[in-house]
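Work through the exercises below with the sequence and coordinates at hand. Each task is followed by a stepwise solution.

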Amino acid sequence: MSPRSAQANQRMHEEQKGRILTAALPVFVQKGLAATRMADIAAAAGMGYGSVYHYFPDKETIFTALIEDTMQASAQHIKAALERPGSPWERLEWWLSQAMIWVRKHPEFILFMTQVLMNELAFEGPR
């Protein structure tokens, strides 16, 4: 049996990171950042506690990665709307309709973004 290639190792690494992020999202939604433990994320991902640390140094890094992934997906969606034919109004209507379809399919992201905003407010304190 030959050793895995660097590409295969990289692909497996990315798949495991994706598995952790997918598992972490509902945990953060349910518990929030403060109450979530790395052990909760590991259990949700079906991984050993120490294995999660191989991919992420702490829960804040996982939380941040989820924010970044969400923002990248949003940016891609906006780019697609801007590249569509039609007037600005038609492109805006398309973008909003697609966003609503996506939200209906993934309501957990709205709850997650609420967690993000609540945690940001908690870090900043009263305004």
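The exercises go from the whole chain to salt bridges and then to two buried positions.

The model is predicted, so local features need pLDDT of at least 70 and side-chain atom pairs count only at pLDDT 80 or more, while totals for chains, interfaces and linings use all residues. Residues are numbered from 1 along each chain as its sequence is written, and side-chain values use heavy atoms, with hydrogens and water left out.

**Exercise 1. Describe the fold and overall dimensions of the protein chain.**

Step 1. Assign secondary structure from DSSP runs, numbered from the N terminus (helices: H or I, at least four residues; strands: E, at least two). The protein chain has 6 helices and 0 strands, in the order α-α-α-α-α-α from the N terminus.

Step 2. Compare the radius of gyration with the globule rule (C-alpha atoms; 2.2 Å times the number of residues to the power 0.38). The protein chain has a radius of gyration of 18 Å, well over the 14 Å that the rule gives for 127 residues, so the chain is more spread out than a compact globule.

Step 3. Fit a box along the principal axes. The C-alpha atoms fill roughly 55 × 50 × 25 Å.

**Exercise 2. Characterise burial, contacts and surface of the protein chain.**

Step 1. Classify residues by relative accessible area (buried under 20%, exposed over 50%, partly exposed in between; 1.4 Å probe, protein chains only). Of the 127 residues, 27% are buried.

Step 2. Take contacts (heavy atoms within 4.5 Å). Among those between residues at least 6 apart in sequence, 54% join residues at least 24 apart.

Step 3. Compute the accessible area (Shrake-Rupley method, 1.4 Å probe; for residues, only the protein chains shown count as cover). The protein chain exposes about 8,700 Å², and carbon and sulfur atoms supply 61% of it.

**Exercise 3. Which residues form a network of salt bridges with K31?**

Step 1. Apply the criterion: a side-chain nitrogen of Lys or Arg within 4 Å of a carboxyl oxygen of Asp or Glu. The whole structure has 4 salt bridges.

Step 2. Inspect D40. The closest N and O atoms of D40 and K31 are 3.1 Å apart, and those of R37 and D40 are 3.0 Å apart. K31, R37 and D40 are thus the members of the network.

Step 3. Check accessibility. D40 counts as buried because its relative accessibility is 12%, whereas K31, at 38%, is partly exposed.

**Exercise 4. How many residues apart are E83 and K79 in helix α4?**

Step 1. Locate the pair. E83 and K79 are 4 residues apart in helix α4 (residues 59-83), which means a separation of about one helical turn.

Step 2. Apply the distance criterion. E83 and K79 form a salt bridge, with the closest N and O atoms 3.4 Å apart. Both E83 and K79 are exposed.

**Exercise 5. Describe the surroundings of F112 and T36.**

Step 1. Place F112. This residue lies in helix α6 (residues 107-124) and, at 0% relative accessibility, counts as buried.

Step 2. List partners of F112, not counting residues up to four places away in sequence: L25, F28, V29, F63, L66, I67 and T70. F112 and P26 are 86 residues apart in sequence, yet their C-alpha atoms are 8.0 Å apart.

Step 3. Place T36. This residue sits in the loop between α1 (6-35) and α2 (38-45) and is buried, at 1% relative accessibility.

Step 4. List partners of T36, leaving aside neighbours within four places in sequence: V27, F28, K31, I41 and K59.
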